[in-house]
Amino acid sequence: MHVKHVETKPISYNRIVKHTRQGNIHEIMAYDHKSTGSGIIKIDQEHYIDFAHPLATSESDIIESTRNRIALSRPDIDLHLHSNGYLYELKKYKATENRAQSPNEIRRTFKRLRSIINTNVTDPRRCKFITLTYSENMTDPVALKSDLSAFTKRFKRFVSGLCNKKGHNLGLTFEYISICEPQGRGAWHAHIIFIFNKIVRYISNDDVYRIWTSGSSQTKRGFTTTRKIDNVDNVGAYLTAYLADVEISELDHKQVSFLSDQTDICIKECNVPDYDSSGNPSGKKSKRFIKGGRLHLYPKGFHIYRCSKGIKRPEIVYQTYGDVLNELGISAALTFSKSVHITDNNNYSNTLTYMFYNTKRKTNKRKDARTSYREILRCANEFSSSGAWAPPQVYQFDSEAALVAECNTASILAELHEYNYEVMPDV
């Protein structure tokens, strides 16, 4: 499969798109051809079949003759008779030593994590971002899971007893997303996003540290940090951006050499918040990171994140691009867009266009071209110049219709739909 970035393609108003609602973030994906799946069917933890390439039809005599022929010519091949009556070659998954050797799996995992965070964190003022560390080189993932479970239970009891200055109980409850992160030396530490049922102005890091270090444990706890993320409008992207990156100072010489051999290595330098040995903020510090360098530290099959039961999942719907714009309104910020062209050796090709809108990002809709406002006007101009219908006027950006679109997005889209009712959706 070959993937190539191409110039971003505009999406037609009546194009059917995949719309993923992730809280304040809306991901839109348009495609030339809808995928029918890869054809890969998992049989067990180690084996799979290619559903698109059966070895024999469902007739029993043909299957038996195929078995005999393959047994004589290719005794090393294992066969699988599927419930649909077809015979397939039973193939084995390639073993991986760590998750960095499976880039597609990592990409999907972090994409899911990003979308789950954005779906649940719609008001960052209700959240706290807590980091828990060990002072010694704690490398046991089973012990880490046990310590995290005990910490969340103790933290829940602590939060349920919090009161305001008048002594009235705050009535706080929360859901959480915990993310485990390996360090260059092999030690683990954890990040937890606590999502409360109301705005939480302050939680003392000293209390968090006391809760983390209380209880019996075979490992010595390090320090904790408790941060607010009030001014972040895309928390999923903010938090996952550096989870895959690793600071160069964390790695030993062999690890740096291993990563240096990668052809697509990218080193970035940026100013990040720094903390003292007690976990208290101590300004900012310039650090150098290897982009994606932490991925090779995750062991095979390790669960990078875990969620509490009340965590919501993103909602996926298929609708026209015009309906999406109508839902977003005129002030949603277009934060990112791209198109990729996909081809393989079987003459298959497809072009996918992605657009990400943020309904909480502050923009100047008159000056900022990266808004849904401009997309609405572009779609209007597309219809007015297509000849598919005779609009009352051309929708130029400075025209009266632009002012109408600014005041009421639904009205211009409804007008477009009314004049174009005979045009079928372009699937």
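# Briefing on sheets, helices and salt bridges

Four strands make up an open sheet in which the order is E4-E5-E7-E6 and the pairing is antiparallel. In that sheet strand E4 (40-42) and strand E6 (78-81) stand at the edges with a single partner strand each, so one side of each has no neighbour in the sheet. The model described here is predicted, and the secondary structure of its chain comes to 10 helices and 18 strands. Of the 427 residues in the chain, 41% count as buried. Among the contacts in the chain with a separation of 6 or more, 70% are accounted for by residues 24 or more positions apart.

**The four-stranded sheet**

- From one strand to the next, the twist of the sheet with the order E4-E5-E7-E6 averages 40°.
- The pairing of E4 with strand E5 (residues 47-50) runs in the antiparallel sense and extends over three bridges.
- Within this pairing, Ile40 has Asp50 in E5 as its bridge partner.
- As general background, the strands of a sheet pair through backbone hydrogen bonds, and they do so in either a parallel or an antiparallel arrangement.

**The six-stranded sheet and helix H7**

- Another open sheet has six strands in the order E1-E17-E18-E3-E2-E16, and here too the pairing is antiparallel.
- Its edge strands are strand E1 (2-6) and strand E16 (315-320), each of which pairs on one side only.
- Neighbouring strands of the six-stranded sheet are turned against each other by 25° on average, with direction ignored.
- Strand E17 (residues 333-343) pairs with strand E18 (residues 349-358) in the antiparallel sense over 10 bridges, and Leu334 stands opposite Tyr357 in E18.
- Helix H7 (residues 321-328) packs on this sheet, where it touches strand E2 (16-22), strand E3 (25-31), E16 and E18, and the direction of H7 makes about 120° with that of E16.
- The residues Tyr321, Gly322, Val324, Leu325 and Leu328 of H7 are buried; seen down the axis of H7, these buried residues fall within an arc of 160°, so they line one face of the helix.
- After H7 comes Gly329, which has a positive phi, near 85°.

**Helix H4 and its packing**

- In H4, the residues Asn205, Val208, Ile211 and Trp212 are buried; they cover an arc of only 120° around the axis, which puts them on the same side of H4.
- The partners against which the buried residues of H4 pack are strand E8 (127-134), H3 and E11.
- The N-terminal end of H4 is capped by Ser204, which has a side-chain oxygen 3.1 Å from the backbone nitrogen of Asp206.
- Arg210 and Asp207 meet through their side chains in a salt bridge, at 3.7 Å from N to O, and because they are three residues apart in helix H4 (residues 205-213), about one helical turn separates them.
- Both partners of this bridge count as partly exposed, since Arg210 has 44% relative accessibility and Asp207 has a relative accessible area of 24%.
- In general terms, an α-helix has 3.6 residues a turn, so residues three or four places apart point the same way.

**Other salt bridges**

- Searching the whole structure gives nine salt bridges. One of them joins Arg221 and Asp147, with the closest N and O atoms 3.3 Å apart.
- This pair links distant parts of the chain, as Arg221 belongs to strand E11 (residues 221-227) and Asp147 to helix H3 (residues 141-160), 74 residues apart.
- Both members of that pair, Arg221 and Asp147, are buried.
- A salt bridge is also formed by the side chains of Arg378 and Glu375, at 3.2 Å from N to O; both residues lie in helix H8 (residues 372-386), three residues apart, or about one turn of the helix.
- Arg378 counts as partly exposed at 24% relative accessibility, whereas Glu375, at 12% relative accessibility, counts as buried.
- Arg21, Glu315 and Glu327 are joined into one network by salt bridges that share partners.
- As a general point, side chains of opposite charge can pair when their charged atoms come close.

Methods. Residues are numbered from 1 along each chain as its sequence is written. This is a predicted model: local features need pLDDT of at least 70, side-chain atom pairs count only at pLDDT 80 or more; totals for chains, interfaces and linings use all residues. Side-chain values use heavy atoms; hydrogens and water are left out. A salt bridge is a side-chain nitrogen of Lys or Arg within 4 Å of a carboxyl oxygen of Asp or Glu. Helices (H or I, at least four residues) and strands (E, at least two) are DSSP runs, numbered from the N terminus. Buried means under 20% relative accessible area, exposed over 50%, partly exposed in between (1.4 Å probe, protein chains only). The arc is that of the directions from the helix axis to the C-beta atoms. Contact means heavy atoms within 4.5 Å. A polar contact is a pair of N or O atoms within 3.5 Å; within protein, one must be able to donate a hydrogen and the other to accept it, and residues adjacent in sequence count only if both atoms are side-chain atoms. Two strands pair if DSSP finds at least two bridges between them. Axes are lines fitted to C-alpha atoms, for helices over the stretch in contact, and angles run from 0 to 180 degrees between N-to-C directions.
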